Amino acid sequence: MSRSQRSVARLAAIQALYQMEVSGAGVEAVIREFSDHRFDRNIEGDSEGEGATLAAADEAFFADLVRGVVGHQREIDAAVVGKLAANWRLERLDATVRAILRAGVFELAHRPDVPTEVAIDEYVELTKSFFEGPEAGFVNGALDAVARDVRD
């Protein structure tokens, strides 16, 4: 799969994790929803194929990210909390930032096939697509610190 297909998968994973947190939906239901209704589908719902479509995603990578974050959430959250400033709790972070950090930490800790720099850069860029403030720098610093703990 191309890097761009993995980038789309990462974005979708962040959206799925956010959706699960705010709606309480289960992991398999959300993965199925994305697979059935969001990937490579006509966004406009135009039966003639005239509408825009989402870019192709590495759907297996997407599913692995979402299942992995859910399966390792306690460990992932502990790694994130360990990098927060004193007196900060994970719940104080924006839900999108939490989803970004969780996906990034999972990838750093459990996907050794992905180079450290690629994982960090991808999640920092995704953060910039959601936020214009200091969040990207925060995500960069937190993921870099976690990478030093979980990778050689």
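## The nonpolar core

Which residues have the most contacts inside the largest nonpolar core? In this predicted model, they are F62, V66, L101, Y123, V139 and L143, and the core they belong to has 46 residues. Seven helices each supply at least two residues of that core: helix 1 (3–23), helix 2 (27–37), helix 3 (59–71), helix 4 (73–81), helix 5 (95–110), helix 6 (116–130) and helix 7 (135–150). Helix 5 gives the largest share, with 8 residues. As a general background, nonpolar side chains in soluble globular proteins tend to be buried together.

Y123 is a good place to start looking around. Setting aside neighbours within four places in sequence, Y123 is in contact with R10, I14, L65, I100, A103, G104, E107, V139 and L143. Two of these partners, V139 and L143, are also named among the core residues with the most contacts.

## How helix 5 meets its neighbours

Helix 5 is worth viewing from two sides. Towards helix 3, the two axes come within 9 Å and cross at roughly 100°. That angle falls between 65 and 115 degrees, so helix 3 counts as roughly perpendicular to helix 5. The residues that meet here are F61, D64, L65, G68 and V69 from helix 3, and R102, A103, F106 and E107 from helix 5.

The pairing with helix 6 has its own geometry. The axes of helix 5 and helix 6 come within 10 Å and cross at roughly 170°, which makes helix 5 roughly antiparallel to helix 6. On the helix 5 side the contact is made by T96, I100, A103, G104, E107 and L108, and on the helix 6 side by T116, A119, I120, Y123, T127 and F130. A103 and E107 appear in this contact and also in the one with helix 3.

## Helix 7

What span should the 16 residues of helix 7 have, at 1.5 Å a residue? The expected value is 22 Å, and the C-alpha atoms at its ends are 22 Å apart, so the two agree. Its buried residues are A136, V139, A142, L143, A145, V146 and A147, and they pack against helix 4, helix 5 and helix 6.

Helix 7 also holds a salt bridge within itself: D144 pairs with R148, with the closest N and O atoms 2.4 Å apart. The two residues are 4 places apart in helix 7, about one turn. In general, an α-helix has 3.6 residues a turn, so residues three or four places apart point the same way. D144 is partly exposed, at 33% relative accessible area, whereas R148 is exposed, at 56%.

## Salt bridges across the chain

The whole structure contains 14 salt bridges. One of them joins the side chains of R6 and D58, at 3.6 Å from N to O. Because R6 sits in helix 1 and D58 in the loop between helix 2 and helix 3, this pair ties together parts 52 residues apart in sequence. R6 is partly exposed at 21% relative accessibility, while D58 is buried at 7%. Both residues also belong to a network of salt bridges that links R6, D58, D64, R111 and D113.

A second pair to inspect is R98 and E21, whose closest N and O atoms are 2.2 Å apart. With R98 in helix 5 and E21 in helix 1, the bridge ties together parts that are 77 residues apart in sequence. Is R98 buried or exposed? R98 is buried, with a relative accessible area of 9%; its partner E21 is partly exposed, at 34%.

## Two buried residues to visit

V80 lies in helix 4. At 4% relative accessible area, under the 20% limit, V80 counts as buried. Not counting residues up to four places away in sequence, V80 touches L90, L93, L101 and V105. The C-alpha atom of V80 is separated by 9.3 Å from that of A145, although the two residues are 65 places apart along the chain. A145 is one of the buried residues of helix 7.

Q19, in helix 1, is buried as well, with a relative accessible area of 16%. Which residues does Q19 touch, not counting those up to four places away in sequence? They are G24, V30, E33, F34 and R38.

Terms used. Residues numbered from 1 in each chain as written. Predicted model: local features only at pLDDT ≥ 70, side-chain atom pairs only at ≥ 80, totals over all residues. Heavy atoms only, no water. Core = buried A, V, L, I, M, F, W, Y, C linked by side-chain atoms within 4.5 Å. Buried < 20%, exposed > 50% of the residue type's maximum accessible area, 1.4 Å probe, protein only. Contact = heavy atoms within 4.5 Å. Salt bridge = Lys/Arg side-chain N within 4 Å of Asp/Glu carboxyl O. Expected span 1.5 Å × (residues − 1). Axes fitted to C-alpha atoms, helices over the stretch in contact; angles between N-to-C directions. Parallel < 35°, antiparallel > 145°, perpendicular 65-115°, else oblique.
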